[in-house]
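Subject: Handing over a structure

Dear colleague,

I am passing a structure on to you, together with some notes on what was found in it. Please have it open while you read, since the notes move from one place in it to another.

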Amino acid sequence: MREKEIRIGVFVCHCGTNIGGSVDVPAVVEYAKHLPNVVHAERNLYTCADDGLTAIKNAIKEHKLNRVIVASCTPRTHEPLFRSTCEEAGLNKYLFEFVNIREHCSWVHMKDPEGATEKTKELVRMGVARATLLEPQEEMRIDVEPSAMVIGGGIAGMTAAKTLANQGFDVYLVEKEAVLGGMLRNLYRLFPTGEDSLESLQPSIAAVEEHKKIKIFSSCELKEVKGYIGNFDVTLLREGEEVSFKVGTIIVATGAMEFEPKGYYGYGTYDHVITQMQLEKLLKEGQLKKSDSVVMIQCVGAKGEGVSYCSRICCMVAIKNAMLIKEINPDVNIQILHNDIQAYGAEYEELYSKAREMGVRFIKYTPESPPSVTMEGDKLKVEVYNELFGEQLMLGADLVVLSTPLVQHQGGVGVSKLLRVPLGKDKFFFEAHVKLRPVDFATDGIFLCGTAHGPAEVAESVSQALAAASGAGIPLSRGFVQIEAISVKVDPEACVGCGFCVEMCPYQALSMVNGKLEVIEALCKGCGTCVATCPTGALEQRHYQSNQIISQIKSIFHPVVE
Ligand SMILES: Cc1cc2nc3c(=O)[nH]c(=O)nc-3n(C[C@H](O)[C@H](O)[C@H](O)COP(=O)(O)OP(=O)(O)OC[C@H]3O[C@@H](n4cnc5c(N)ncnc54)[C@H](O)[C@@H]3O)c2cc1C
Ligand code: SF4
Ligand code: SF4
Ligand code: SF4
């Protein structure tokens, strides 16, 4: 139901010189004042600053505004702020319209101020056309089960579980192996501290095992997850038996594994060509044979044909292990063949320098002429072109250690399918937004952390786990979630039950029940795919109604100014 008189207020932001530097903001304000239904227009130096927000609230009251348009930056970061400002002044937040003139005008047309100003006027006109038809909406409230599931009992999963449990929530920690600890169980000593890996795990294992709020399901497989934020129904398989429970939020911490370099540098053919993980095991068990010469080769299967990315941790793993071998046997000749050393951060740069002081030799090869490994008698021969000195080198080696990247494993792929959360191009779990939502999935209520997200060292895995636990804890402590009112509505008269929309929905928000289409509002992300698919026009999306969008498009061609 729309009010009789539409009263729109337009607020155009200078954003300092970000917008004002190329867009003629006073001219846009003047133009907006003459658009249909606009009863107030003003400019602000920074609309998102306190005085800008106060100006909006005052104008809503003073001019009896029932629609507000802010022409400034991106809705991704600022829409919640302006929406709540409207709410504080008593206006339904769905009567707010955002026009992005920074990314769409001032930044992209910086060298064409006139063009940028004209385009800004057009975008504001389109915003006014849509705002005129906006309707107030009510958001659905969903109760949240005050418990969480963490999938994966490595350092990231245990940290997340402990953090949530310490906040008083019940946590189900699911681990596919019989024991907790993940990759760290197989490592010897950790960079940068040098502490024993297994010992470093003990406090975390003890904390989760002893915590009254944590229930550990080891040797368990995830069978099914249904539902949505606040109400996930989980079924596990434990020794062939099904176990079911309900949780409000989920954290994915399924980790990663070392790339197996089959066919690279004689791996699998020559016994003395091993990976860094195998070297960690030899060091841990005190089984490393005394040798005269060790060659490590970096980026094996990384940044190229195996996987395209840099695994970020393997350079430090190589430096760490080279130093550990030197400590055991100072006379050993160690050469690290690399095409770039990733020793980011002052602490790691120091370790790199220390390794050089200890006599570890770093030789830079180019990806175009990588090293080759052959066997001569009982000795491995490594041939490499030293880019720095422009010379071909032939190195004898008792042991060749391949530094290979972290990659996704089958356990992670399975979880991605069960939870219907995406993997990125590198096959690691894909976050909702790299900067704004780095530990959330686009699906509400599901979070991620640790090496499931991409190659990371322990400290990074732990920081991500703390962030994921904070995110997962917010709906649990609030006890409810509010669902954005942008879900679809079905017109049962127009729906012929063809089911095309059910197939197309990427969030499984639609289902056909006894020939009738049902919408699970909590799952609907308002993407509009189903609306565009429906052959009979039976679907309409709240807040993005066809009439609103059509009016916006039409206004491009009808520059009506009163
Ligand atoms: C050779 C090597 C040396 C390293 N050395 C160092 C170092 O010195 N310092 C450092 O900071 N970092 C080091 N790292 C990195 C470190 O191992 C990781 O940062 C850390 O293990 C990440 O922990 P995580 O919990 O994310 O993953 P993980 O340790 O892999 O734990 C994931 C857990 O999830 C479980 N899981 C997987 N799938 C499922 C499923 N479907 N259902 C239930 N459970 C599942 C796994 O069994 C595992 O227990 C090294 C890595 C390698 C490979
Ligand atoms: S961390 Fe080092 S070895 Fe690993 S992929 Fe990156 S550059 Fe190569
Ligand atoms: S709008 Fe998108 S998420 Fe919602 S039901 Fe339609 S296709 Fe699914
Ligand atoms: S596509 Fe349209 S007609 Fe077909 S089931 Fe969905 S809403 Fe009904």
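I would begin at I446, which is buried, with a relative accessible area of 3%; please keep in mind throughout that this is a predicted model. I446 has its place in strand 23, which covers residues 446-448. From I446 to Q335 there are 111 residues in sequence, and the two C-alpha atoms are 44 Å apart in space.

For the overall frame, the protein chain has 562 residues, of which 52% are buried. The chain holds 16 helices and 28 strands, and its C-alpha trace spans about 90 × 60 × 45 Å along the principal axes.

Ligand 1

Which residues come nearest to ligand 1? Of the 36 residues around this ligand, they are E175, F191, K320, A456 and V458. Sorted by class, the shell around ligand 1 consists of 18 nonpolar, 11 polar and 7 charged residues. Several helices take part in this shell, and at least two residues are supplied by each of helix 7 (155-166), helix 9 (276-284), helix 10 (314-328), helix 12 (410-419) and helix 13 (458-478).

Backbone atoms also meet the oxygen atoms of ligand 1. A polar backbone atom of F191 is 2.8 Å from an oxygen atom of the ligand, a backbone N or O atom of V458 likewise lies 2.8 Å from a ligand oxygen, and for I155 the distance from a backbone N or O atom to an oxygen of ligand 1 is 3.2 Å. Ligand 1 taken alone exposes 1,000 Å², and the protein buries 96% of that area.

Helix 10 deserves a separate word. Helix 10 has 15 residues and reaches 21 Å from its first C-alpha to its last, which is close to the 21 Å expected at 1.5 Å a residue. Because 13 of those 15 residues are buried, helix 10 is largely enclosed by the rest of the structure.

Ligands 3 and 4

Ligand 3 is surrounded by 13 residues, the closest being C505, C524, C527, G528 and C530, and its shell divides into 9 nonpolar residues, 3 polar ones and 1 charged residue. Around ligand 4 there are 13 residues, with C495, C498, G499, C501 and C534 the closest. The shell of ligand 4 has 10 nonpolar and 3 polar residues, and no charged residues.

Strands and their partners

Strand 6, made of residues 147-151, is mostly covered, with 5 of its 5 residues buried. Its residues point to two sides, S147, M149 and I151 one way and A148 and V150 the other way, and all of them are buried. Strand 6 runs parallel to strand 7 (residues 170-174), to which 5 bridges join it, and within this pairing M149 has Y172 of strand 7 as its bridge partner.

A second parallel pair is formed by strand 15 (residues 293-297) and strand 16, again over 5 bridges. Here I297 stands opposite L337 in strand 16. Strand 16 covers residues 333-338, and since 5 of its 6 residues are buried, it is largely enclosed by the rest of the structure.

Two single residues

Is N100 buried or exposed? N100 counts as buried, because its relative accessible area is 11% and the cut-off for buried is under 20%. N100 belongs to strand 4, residues 96-100. A polar atom of the N100 side chain lies 3.2 Å from the backbone nitrogen of R102, and the side chain of N100 also reaches the backbone nitrogen of E103, at 3.0 Å.

D398, by contrast with N100, is partly exposed, with a relative accessible area of 24%. Its place is in the loop between strand 20 (391-397) and strand 21 (399-402). D398 and I553 are 155 residues apart in sequence, and from C-alpha to C-alpha they are 71 Å apart in space.

With best regards

How values were computed. Residues numbered from 1 in each chain as written. Chains lettered and ligands numbered in written order. Predicted model: local features only at pLDDT ≥ 70, side-chain atom pairs only at ≥ 80, totals over all residues. Heavy atoms only, no water. Near = heavy atom within 4 Å. Polar contact = N/O pair within 3.5 Å; in protein donor to acceptor, adjacent residues only side chain to side chain. Areas by Shrake-Rupley, 256 points an atom, 1.4 Å probe, with all protein chains shown as cover. Helix = DSSP H or I, 4+ residues; strand = E, 2+ residues; numbered from the N terminus. Nonpolar A, V, L, I, M, F, W, Y, C, P; charged D, E, K, R; others polar. Expected span 1.5 Å × (residues − 1). Buried < 20%, exposed > 50% of the residue type's maximum accessible area, 1.4 Å probe, protein only. Pairing = 2+ DSSP bridges.
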